[in-house]
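Me: Please take a close look at the sheets in this model. I would like to know how the strands are ordered and what sits around them.

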Amino acid sequence: MTPEFILVTPQARPQVALIQLNRPKELNALNLQLMQEVAAALKELDKDPEVRVIVLTGNERAFAAGADIKQMAGRTAIDMLLIDQFSTWDQIRRTTKPLIAAVSGFALGGGCELCMTCDMIVASETAKFGQPEIRIGTMPGAGGTQRLTRAIGKARAMEMVLTGEPMGADEAARHGLVNRVVPVGQYLEEAFRLAASIAKMSPIAARLAKESVNRSFETHLDEGLHFERKNFYMTFASEDQKEGMAAFVEKRPAEFKGR
Ligand code: CAA
């Protein structure tokens with residue numbers, strides 16, 4: 001089925017796929033269907049052997065201005081529980097391939113949470129990251145209180161969550177929330193550049209390395225080091241590891257096949 005609220009380009013660049021949120025009039029407000037489409041597209045692209053890295057973007061004005069307030073406004077707590085809208089978001093976390101958010105303009109509420117769920121963020125200088133839910137009588141519900149706090153520290157996260165005041169791109173870069181900030185005309189190209197540099201690597205090593213970095217948020221050091229070591233040893237089961245090390249010794253570029 002063709003998605004209604006997103007555009008999917010499996011080969012936007014060689015081995016790099018693009019998902020573009022496409023509800024521009026609503027500033028890409030994340031309604032249920034849009035998030036289901038994102039989850040389904042990620043699942044497909046994650047299985048596609050021609051895709052090594054995925055870029056998720058919005059448009060120049062808005063990455064996404066949050067969950068769809070109009071859709072949620074009249075719901076009861078039991079409606080919310082039964083719909084369980086954030087369960088579709090778990091698919092994003094299950095994506096094994098590197099996922100880069102290319103963010104310009106508003107990344108608010110669920111929009112901020114969505115880009116923080118990605119592995120890296122390339123921001124335009126106009127990007128604004130915020131958790132304004134408090135201003136509409138609620139609070140972040142898709143990871144904002146957890147991921148923002150881990151990314152920028154308790155004091156600043158607490159201030160953003162309790163006042164709803166957004167943070168600009170430069171400050172986000174200083175705090176390590178985003179990888180880099182570029183002029184507005186370049187944010188998508190810069191995300192593609194980053195994606196291309198990762199797509200050249202062994203996809204098996206990238207997958208195991210991504211898993212290991214993510215594990216550091218979920219476990220204590222001893223267990224994390226153990227997990228990392230197992231994944232490191234696991235790379236030696238791949239042809240890519242043999243190719244990578246042989247290429248180094250033979251002083252030639254490696255050609256990784258994902259096996
Ligand atoms: N949900 C539904 N519609 C939204 C929306 C949202 N989150 N954000 C913007 N829109 C709609 C507006 O209603 C408007 O539609 P109409 O033209 O039909 O009225 C259209 O997008 C354009 O928006 P504005 O006219 O408001 O544009 P602006 O430039 O004046 O303001 C803005 C931009 C500051 C981002 C403002 O739209 C805004 O504050 N949006 C809401 C931000 C917000 O509170 N996000 C959190 C949502 S709750 C959440 O995300 C929970 C969670 O944890 C997942």
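Reply: Here is a walk through the two sheets, then the ligand shell and two backbone angles.

This is a predicted model: local features need pLDDT of at least 70, side-chain atom pairs count only at pLDDT 80 or more, and totals for chains, interfaces and linings use all residues. Numbering starts from 1 along each chain as its sequence is written.

Start with the sheet of six strands. It is open, its order is 1-2-3-5-7-10, and its pairing is mixed. Strand 1 and strand 10 are the edge strands, and each pairs on one side only. From one strand to the next, the twist averages 20°. Two terms need cut-offs. Strands are DSSP runs (E, at least two residues) and helices are too (H or I, at least four), both numbered from the N terminus. Two strands pair if DSSP finds at least two bridges between them.

Now go across that sheet. Strand 3 (residues 53-57) pairs with strand 5 in the parallel sense, over four bridges. There, L56 stands opposite A101 in strand 5. Helix 1 (residues 32-47) packs on this sheet and touches strand 1, strand 2 and strand 3. The direction of helix 1 makes about 25° with that of strand 1. Contact means C-beta atoms, placed from the backbone, within 7 Å. Axes are lines fitted to C-alpha atoms, for helices over the stretch in contact, and angles run from 0 to 180 degrees between N-to-C directions.

Next comes strand 7. Strand 5 (residues 99-103) and strand 7 are parallel and share four bridges. A102 has V122 of strand 7 as its bridge partner. Strand 7 also runs parallel to strand 10 (residues 180-182), joined by three bridges. A123 faces V181 of strand 10 in the pairing, standing opposite. Four of the five residues of strand 7 (residues 120-124) are buried, so this strand is largely enclosed by the rest of the structure. Buried means 20 or more other C-beta atoms within 10 Å of a residue's own, exposed means 12 or fewer, and partly exposed lies in between, with C-beta atoms placed from the backbone.

The other sheet has four strands. It is open and mixed, in the order 4-6-8-9. Strand 4 (62-64) and strand 9 (167-168) stand at the edges with a single partner strand each, so one side of each has no neighbour in the sheet. Strand 6 and strand 8 (residues 128-130) run parallel, joined by three bridges. F106 stands opposite K128 in strand 8. Helix 5 packs on this sheet, touching strand 4, strand 6 and strand 8, and its direction makes about 90° with that of strand 6.

Now the ligand. Of the 21 residues around it, A29, A65, G66, G109 and G110 come nearest. Helix 2 (69-72), strand 6 (106-108) and helix 5 (110-117) each give two or more residues to this shell. A residue is near a molecule if its C-beta atom, placed from the backbone, lies within 6 Å of it. By class, the shell has eleven nonpolar, five polar and five charged residues. Nonpolar covers Ala, Val, Leu, Ile, Met, Phe, Trp, Tyr, Cys and Pro; charged covers Asp, Glu, Lys and Arg; the others, Gly among them, count as polar.

Last, two backbone angles. Most residues other than glycine have a negative phi. Q15 has a positive phi, near 65°. Q15 lies in the loop between strand 1 (6-13) and strand 2 (16-21). Q15 is buried, with 20 other C-beta atoms within 10 Å. K251 also has a positive phi, near 55°. K251 lies in the segment after helix 12 (239-249). K251 counts as exposed, with 6 C-beta neighbours inside 10 Å.

How values were computed. Two residues are in contact if their C-beta atoms, placed from the backbone, lie within 7 Å.
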